[in-house]
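Open the model in your viewer and keep the selection box at hand. The stops below go from one selection to the next.

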Amino acid sequence: MKVSQRTVRLELTEPLRISRSTMAARDAVWLAIEHQGTRGYGEAVTSTYYGLDAARLGRLLHDAGRELARCATPESALDALRAGELPAPGTPPAVTAAVESALLDLVGKRAGVPVHRLLGAPEAPHAATARTIGITSNRAAAEQARLLTRRGFSVLKIKAGAPDPEDDLDRVLAVRNAAPHARLLLDPNGAWSPAQADALLPRYAGLGVEAVEQPLAPGDPEALAALATRSPLPVIADEDAVGFEDAQRLAGRVHGINVKLAKCGGVTAALRIADLLAGSGTALMLGCLTASTLGLAPAVHLADRARWTDLDGHLLLAHDPWTGIGGTDGTVRAGREPGLGVRAVHGAPPPGEEPAGWETAGQETPEPARDGEAAQ
């Protein structure tokens, strides 16, 4: 197999402010795995929170590419990844997720089936996705809510964690008045103390908020679980639930867990967590980082497994270089074409063309001969 990568800049339509930071753009590193003329793609995006800049992602994906180049086929590489043999121990989950995405895309294309069928779902999943409204003025939040609900969005996620908690309450009230029939989710990104959460959550319940994500600062999952027992709203763990062991610790003790492929390590890891949560009383939420359609597509192929779907990262971009999962009308849909079902709009080569400007990380490995056939 031949592995290439390319780094691109993803600009947001407008800066997104959350409790701990404001983001206007982020870098994405695209991974292309080619075998016998067919190419599969994955994406990893930078994250200050997880300590991943473009240079580090590039190095890690290059290393993963060298490992993949030793595999005879994409199918055997995917099997090795699922068995935990690839990539190398200590590889960040975002890199593993990007590698798995590219392999799933490639294996699906070679088999002529979409990824959701590789994962056992006969029909293409679709789901109403939440659309994020950042920390902004009441007027801007209300205008966004009106516009989004006119377009078809039925779920709005409002960021909280302003220095004055009353500002958050006023903004949620403005959104509620502008979109009286929308389902509202709240995300303080760990900005509150337990005392603040106890005081604020009943007030948000009175505004019709459906659930709250990670109200407490991450690092004390026991405090989050204790809050869930007394909260008038469902409590969803996010920053306190990174991987399988975290989910195992919180299963049955919080109302939901936000599973992000870049956080947990990809589709296989997400399915393990989904199986763990089944019947535990803790529901699955599918979330994302701000990324392109390519980065979100693998999660959309899992969308039928989640109670809450928050896959709007591509909708926050000024220009999405890929297309194929929809979402502008409030519903994301898995593609029915082979592989991930996404295609390049601009800035990425379509399958079958030489990826100009991409850096090669590995070389084609001949596929073993089968049934007396000469190796390709």
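Select helix H6, residues 165–178. Helix H6 lies across four strands: S5, S6 (155–159), S7 (183–187) and S8 (209–213). Against S6, helix H6 runs at about 160 degrees. Bear in mind throughout that this is a predicted model.

**The sheet**

Now show the strands from S5 to S12. They make an open sheet of eight strands, in the order S5-S6-S7-S8-S9-S10-S11-S12. The pairing is parallel. Which strands stand at the edges? Select S5 (130–133) and S12 (308–309): each has a single partner strand, so one side of each is left without a neighbour in the sheet.

Stay with S12 and add S11, residues 283–287. S11 and S12 pair in the parallel sense over two bridges. Label Met 285 and Trp 308: Met 285 stands opposite Trp 308, which belongs to S12.

**Two backbone stops**

Go to Asn 189, in the loop between S7 and helix H7 (194–206). Phi of Asn 189 is near 50 degrees, a positive value in a residue other than glycine.

Next, pick Leu 86 and Pro 87. A cis peptide bond joins Leu 86 and Pro 87, with omega at about -15 degrees. Pro 87 sits in the loop between H2 and H3.

**A long-range salt bridge**

Side chains of opposite charge can pair when their charged atoms come close. The model has 22 salt bridges, counting a side-chain nitrogen of Lys or Arg within 4 Å of a carboxyl oxygen of Asp or Glu. For one of them, select Arg 20 and Glu 239; their closest N and O atoms are 3.0 Å apart. This pair links distant parts of the chain, 219 residues apart. Arg 20 lies in the loop between strand S1 (2–17) and strand S2 (22–35). Glu 239 lies in the loop between strand S9 (235–237) and helix H9 (244–250).

**The largest pocket**

Keep Arg 20 selected. What else lies nearest the centre of the largest pocket, along with Arg 20? Add Ile 18, Met 23, Arg 26 and Leu 289. The pocket has 30 lining residues and holds about 630 Å³ of space. S2 and S6 are the elements that give two or more residues to this lining. S2 has the largest share, four residues. By class, the lining of the largest pocket has ten nonpolar, nine polar and eleven charged residues.

**The second largest pocket**

Select Thr 96, Cys 264, Gly 265, Ala 269 and Arg 272. Of the 22 residues lining the second largest pocket, these are the closest to its centre. About 440 Å³ of space lies in this pocket. Colour five helices next: H2 (74–82), H3, H9, H10 and H11 (267–277) each supply at least two lining residues. Helix H11 gives the most, with four residues. The lining of the second largest pocket divides into eleven nonpolar, seven polar and four charged residues.

**The cavity**

Last stop: turn on a cavity display. Rolling a probe the size of a water molecule over the atoms shows where empty space is left. How many cavities of 30 Å³ or more does a search of the whole structure find? The search finds one. About 250 Å³ of space lies in this cavity. Select Glu 43, Leu 261, Ala 262, Gly 295 and Leu 296, which are the closest to its centre among 24 lining residues.

Now colour the elements that give two or more residues to the cavity lining: strand S3 (38–45), helix H3 (93–111), helix H10 (261–264) and helix H12 (293–300). Helix H3 has the largest share, six residues. Colour the lining by class to finish: the cavity has 16 nonpolar, five polar and three charged residues around it. H3 and H10 can stay on screen for a return to the second largest pocket, where each also supplies at least two lining residues.

Methods. Residues numbered from 1 in each chain as written. Predicted model: local features only at pLDDT ≥ 70, side-chain atom pairs only at ≥ 80, totals over all residues. Heavy atoms only, no water. 1 Å grid on protein atoms, 1.4 Å probe; cavity = no way out; pocket = protein on both sides within 12 Å on 5 of 7 lines; lining within 4 Å. Points joined across faces, edges and corners; volume = space filled by probe spheres on them. Nonpolar A, V, L, I, M, F, W, Y, C, P; charged D, E, K, R; others polar. Pairing = 2+ DSSP bridges. Contact = heavy atoms within 4.5 Å. Axes fitted to C-alpha atoms, helices over the stretch in contact; angles between N-to-C directions.
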